[in-house]
Amino acid sequence: MRQYLRVLRLFWQVAIAAELEYRINFVISVISSLGGLVGSLFGLFLFYRTGYTFDGWSWEQALVVLGIFTILQGVSATFLVPNLNKIVGHVQEGTLDFVLLKPISSQFWLSTHTVSPWGLPDLIFGAIIVFYAGGHLGLAPTAYLAMLPPLVLGVISLYSLWFILGATSIWFVKIYNVTEVLRSLLEAGRFPVEGYPAAYRVFFTFIIPVAFLTTVPAQTMIGRSDSGWLLGSALLAAVLFQVSRWFWQFALRFYTSASS
């Protein structure tokens with residue numbers, strides 16, 4: 001474990017130093033994040049301007065969901081996109097050979113080699129929305145802490161699904177941006193899952209677990225969740241993470257490398 005932590009520190013030091021050579025990108029990232037947030041707020045406002053609510057979700061409670069979704073976007077842009085979107089490229093270009101030869105877990109290397117600071121604006125804006133909405137709801141500080149475990153479990157579930165999709169490129173080498181399909185589906189998480197028709201609620205809960213990524217953390221924060229949902233989040237994260245490890249080892253059996 002200590003060896004992996006040292007490697008992780010070296011990975012991120014080099015990655016951040018390289019990214020900071022292009023500091024104008026941070027300004028562009030802030031503008032892009034702010035524009036996306038304004039669009040999301042406007043879309044949510046269109047529902048509530050006539051008095052409509054998402055099955056009992058007030059405006060402030062729906063803002064909590066949107067804030068958590070924005071935080072999740074920031075986590076994805078900082079840790080997941082820079083790494084997992086490159087798995088397809090490693091397979092196509094044959095550079096996966098060099099990863100497999102390194103004396104550490106290839107899944108660890110592919111998942112943590114790069115970090116991007118350009119996801120920080122989404123993390124900051126999302127936190128501002130969550131604290132703003134929580135302040136108007138009169139939530140205690142413990143409510144924000146209660147949100148963290150299901151949010152972390154949601155990130156683990158998202159990572160596992162993303163990695164599994166990236167691993168399929170070993171068979172389907174010509175599939176470009178396969179993970180973009182998942183990212184598109186996750187856009188549904190910007191609204192409470194109760195706002196969708198019954199069939200979509202089932203899909204976004206049991207097929208693509210969007211509900212566990214944003215709605216469950218929000219319910220926990222505002223005190224509307226029960227232990228069953230939290231247990232489900234923990235079980236889902238544990239199962240998906242283990243499946244991602246198994247699936248990667250299974251996929252590598254079919255990887256023929258660039259030289260064979």
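**View 1. Helices H11 and H12 pack against each other.** The axes of helix H11 (residues 210-222) and H12 come within 10 Å and cross at roughly 145°. Here axes are lines fitted to C-alpha atoms, for helices over the stretch in contact, and angles run from 0 to 180 degrees between N-to-C directions. Helices are DSSP runs (H or I, at least four residues), numbered from the N terminus. The crossing of H11 and H12 is left-handed, meaning that the near helix is turned anticlockwise from the far one by less than a right angle. On the H11 side, Phe 212, Val 216 and Thr 220 make the contact, and from H12 come Trp 229, Leu 230, Gly 232, Ser 233 and Leu 236; contact means heavy atoms within 4.5 Å.

A word on the model: this is a predicted structure, in which local features need pLDDT of at least 70 and side-chain atom pairs count only at pLDDT 80 or more, while totals for chains, interfaces and linings use all residues. Residues are numbered from 1 along each chain as its sequence is written, and side-chain values use heavy atoms, with hydrogens and water left out.

**View 2. Thr 220 of helix H11 is buried**. Its relative accessible area is 14%, where buried means under 20%, exposed over 50% and partly exposed in between (1.4 Å probe, protein chains only). Leaving aside neighbours within four places in sequence, Thr 220 touches Ala 146, Pro 150, Ser 225 and Leu 230. The C-alpha atoms of Thr 220 and Leu 148 are separated by 9.2 Å, although these residues are 72 residues apart along the chain.

**View 3. Phe 163 and Trp 248 meet edge-to-face**. The ring centres of Phe 163 and Trp 248 are 5.3 Å apart, with 70° between the planes. Rings of Phe, Tyr and Trp (its six-membered ring) pair if their centres lie within 6.5 Å; planes under 30 degrees apart count as stacked, over 60 as edge-to-face and the rest as tilted. Phe 163 lies in helix H8 (residues 141-167) and Trp 248 in helix H12 (residues 227-252), so this pair ties together parts that are 85 residues apart in sequence. Phe 163 is buried, at 0% relative accessible area, and Trp 248 is buried with 0% as well.

**View 4. Trp 171 and Phe 247 form a tilted pair**. Their centres lie 5.6 Å apart, and the angle between the planes is 50°. Trp 171 sits in the loop between H8 and helix H9 (179-186) and Phe 247 in helix H12, so the pair links parts that are 76 residues apart in sequence. Trp 171 is partly exposed at 31% relative accessibility, whereas Phe 247 is buried at 15%. Look around them for Trp 246, Phe 250 and Phe 254, which join Trp 171 and Phe 247 in one aromatic cluster.

**View 5. Leu 158 sits in the largest nonpolar core**. Such a core is a set of buried Ala, Val, Leu, Ile, Met, Phe, Trp, Tyr and Cys residues joined through side-chain atoms within 4.5 Å. Of its 63 residues, Leu 44 and Leu 158 touch the most other members. Helix H3 (residues 59-84) gives the largest share, 12 residues. Beyond its neighbours within four places in sequence, Leu 158 contacts Leu 72, Ser 76, Leu 80, Leu 182, Leu 186 and Leu 213.

**View 6. Arg 190 is a buried loop residue**. Arg 190 is found between H9 and helix H10 (198-207), and its relative accessible area is 15%. Apart from neighbours within four places in sequence, Arg 190 is in contact with Ser 40, Val 65, Leu 66, Phe 69 and Gln 73.

Note on methods
Helices (H or I, at least four residues) and strands (E, at least two) are DSSP runs, numbered from the N terminus.
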